[in-house]
Amino acid sequence: MKVVVLGAGLMGKEVARDLIKNSKVEQVILGDIDVKTAQKFVETLKTDKVEVVELHAENDDSLTSVIAKGNVVVNALFYSFNERVARAAIEAGVHSVDLGGHIGGVTDKILALHEEAKAKGVTLIPDLGVAPGMVNILAGYGATKLDEVESIKLYVGGIPTEPKPPLHYTRVFSLDGVFDHYTEPSKMIQKGKLEEVPSLSGIEPIYFDDFGVLEAFYTSGGISTLYKTFPNVHTLEYKTIRYKGHAEKFKLLADLGFLDASNNVEVDNQEVPVRAVVREALKKKLELGTKPDAVLLRVIVSGEKAQQQVTYEYEMVVRKDMTNNETAMARATANTISVVAQMIGDGAITERGVFAPETIVPGETYIKEMAKRGVVIKETSHKSAMIVKW
């Protein structure tokens, strides 16, 4: 198979690194606007399987021509490009996967292309990061083991292993993405009813070995399509994991309007976007990839199986690969989208159209493939008393 990777940033580079290890992948086409930087990275891979091409993602002709070079396209661009890439992939007759993004309901717009994709004989799966993405696959897998799903609780966080005050956080992907997750409302199902709650609220303690007691709080985008896939559950919620005190600090910034994309102020007779200033200031404080990071995950799926209450729990702790200087977030995210892209390319996924990850990605195979890449997801289960229905 030939795989096109759009974007040679943090995630795109690691997707390429994973793809070249598969003997079934004969060529990787890595597209980026900065060809020289992408080529320098490719030289470190010591392979002739990767071709770097110039990509102007905002130009439909450039985008379609690059996509058409492969059988599967991995979209590792910023999520504002997701719908455009999906449409270009369908036009080119190429399977497509992306890292997700909730801005402007972009995933819903991609899912609406189901019949067009099916008619062209291609498979599109959006939302293949960690959250959404990995959590969706695991939630869907746990649900297949139950007769009736009652509760899905999702916890994910990318944190530094050597936290420094005052934010105890390391930037491992776009800060604009972080700000979006912190400022837009979070969807959840509580007592069977779909609701929206403010992000950075609902703070609760959560414990992980080696990290102690951390905090988890609501943020937007994490449940993605799960509320549509499982509309009848009693509880469905997603929370982000951070060190204690993080949510309170960022809530102050949000309450002051510092994270609002539409907030402009006049400084020395010039209009300045406040959020852009905050973003650039924080970049200097939150060093990107220079310190070890970790990704923590816990997915809890509960319900009924053979008249018993059963809970399946999935837990993962992945740390930065210091040998390849690959962040933990990149290991979890890039491997997820790479694994699923290869499943489509080698025929493990054969359905055509557009699908949410939890409805189509085979969970058992996914867990095994991630383990091969050093990303170990542990499954535990327990049963409670017999349910008696009158």
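In which sense do β1 and strand β2 pair, and over how many bridges? Select residues 2-6 for β1 and residues 27-32 for β2, and you will find them paired in the parallel sense over 5 bridges. Please keep in mind along the way that this is a predicted model.

**Stop 1: strand β1 and its partners**

Stay with β1 and show the side chains of V3 and V28. V3 stands opposite V28, which belongs to β2. To follow the chain between these two strands, add residues 10-19, helix α1: the path leaves β1, passes through α1 and arrives at β2, and this β-α-β crossover is right-handed.

Now bring in residues 72-75, strand β4. This strand runs parallel to β1, and 4 bridges join the two. Here the residue to click on is V4, whose bridge partner in β4 is V73.

Is β1 itself enclosed or open to the outside? Of its 5 residues, 4 are buried, so the strand is largely enclosed by the rest of the structure.

**Stop 2: the whole sheet**

Zoom out and colour the strands of the sheet. You are looking at an open sheet of 7 strands with parallel pairing, in the order β3-β2-β1-β4-β5-β6-β17. Which strands stand at the edges? They are β3 (50-54) and β17 (353-354); each has a single partner strand, so one side of each is left without a neighbour in the sheet.

**Stop 3: helix α1 and the loop after it**

Return to α1 and add residues 328-345, helix α12. The axes of α1 and α12 come within 8 Å and cross at roughly 55°. That angle makes α1 oblique to α12. As for handedness, α1 passes α12 in a right-handed crossing.

Next, select S23, in the loop between α1 and β2. With a relative accessible area of 72%, S23 is exposed. If you draw a distance from its C-alpha atom to that of M1, you should read 9.4 Å, for two residues 22 apart along the chain.

**Stop 4: a hairpin and its turn**

Move on to residues 204-208 and 212-218, strands β10 and β11. These two pair in the antiparallel sense over 5 bridges. Show I206 and you will see L214 of β11 opposite.

There are 3 residues between the strands of this hairpin, and D210 takes a positive phi near 75°. D210 is exposed, at 70% relative accessible area. Where does its side chain reach? D210 meets R319 in a salt bridge, at 3.5 Å from N to O. This pair links distant parts of the chain: D210 sits in the loop between β10 and β11, while R319 is in strand β16 (residues 308-319), 109 residues apart. R319 is partly exposed, with a relative accessible area of 36%.

**Stop 5: more salt bridges**

How many salt bridges does the structure hold? The count is 21, and two further examples are worth a click.

Select D60 and R84. Their side chains meet in a salt bridge of 3.1 Å, N to O. Here too distant parts of the chain are linked: D60 is in helix α3 (residues 60-67) and R84 in helix α4 (residues 82-92), 24 residues apart. D60 is partly exposed at 44% relative accessibility, and R84 is partly exposed at 32%.

Then go to helix α11, residues 274-285, and display E280 and K283. They form a salt bridge whose closest N and O atoms are 3.2 Å apart. Along α11 these two residues are 3 apart, which means about one helical turn separates them. K283 counts as partly exposed at 32% relative accessibility, as does E280 at 35%.

Before you leave this spot, widen the selection. Which residues join E280 and K283 in a network of salt bridges? Add D176, D180, R275 and R279, and you have the linked network on screen.

Notes
Residues are numbered from 1 along each chain as its sequence is written. This is a predicted model: local features need pLDDT of at least 70, side-chain atom pairs count only at pLDDT 80 or more; totals for chains, interfaces and linings use all residues. Side-chain values use heavy atoms; hydrogens and water are left out. Two strands pair if DSSP finds at least two bridges between them. A salt bridge is a side-chain nitrogen of Lys or Arg within 4 Å of a carboxyl oxygen of Asp or Glu. Buried means under 20% relative accessible area, exposed over 50%, partly exposed in between (1.4 Å probe, protein chains only). A crossover is right-handed if, with the strands pointing away from the viewer, the path from the first strand over the helix to the second runs clockwise. Axes are lines fitted to C-alpha atoms, for helices over the stretch in contact, and angles run from 0 to 180 degrees between N-to-C directions. Angles under 35 degrees count as roughly parallel, over 145 as roughly antiparallel, 65 to 115 as roughly perpendicular and the rest as oblique. A crossing is left-handed if the near helix is turned anticlockwise from the far one by less than a right angle, and right-handed if clockwise.
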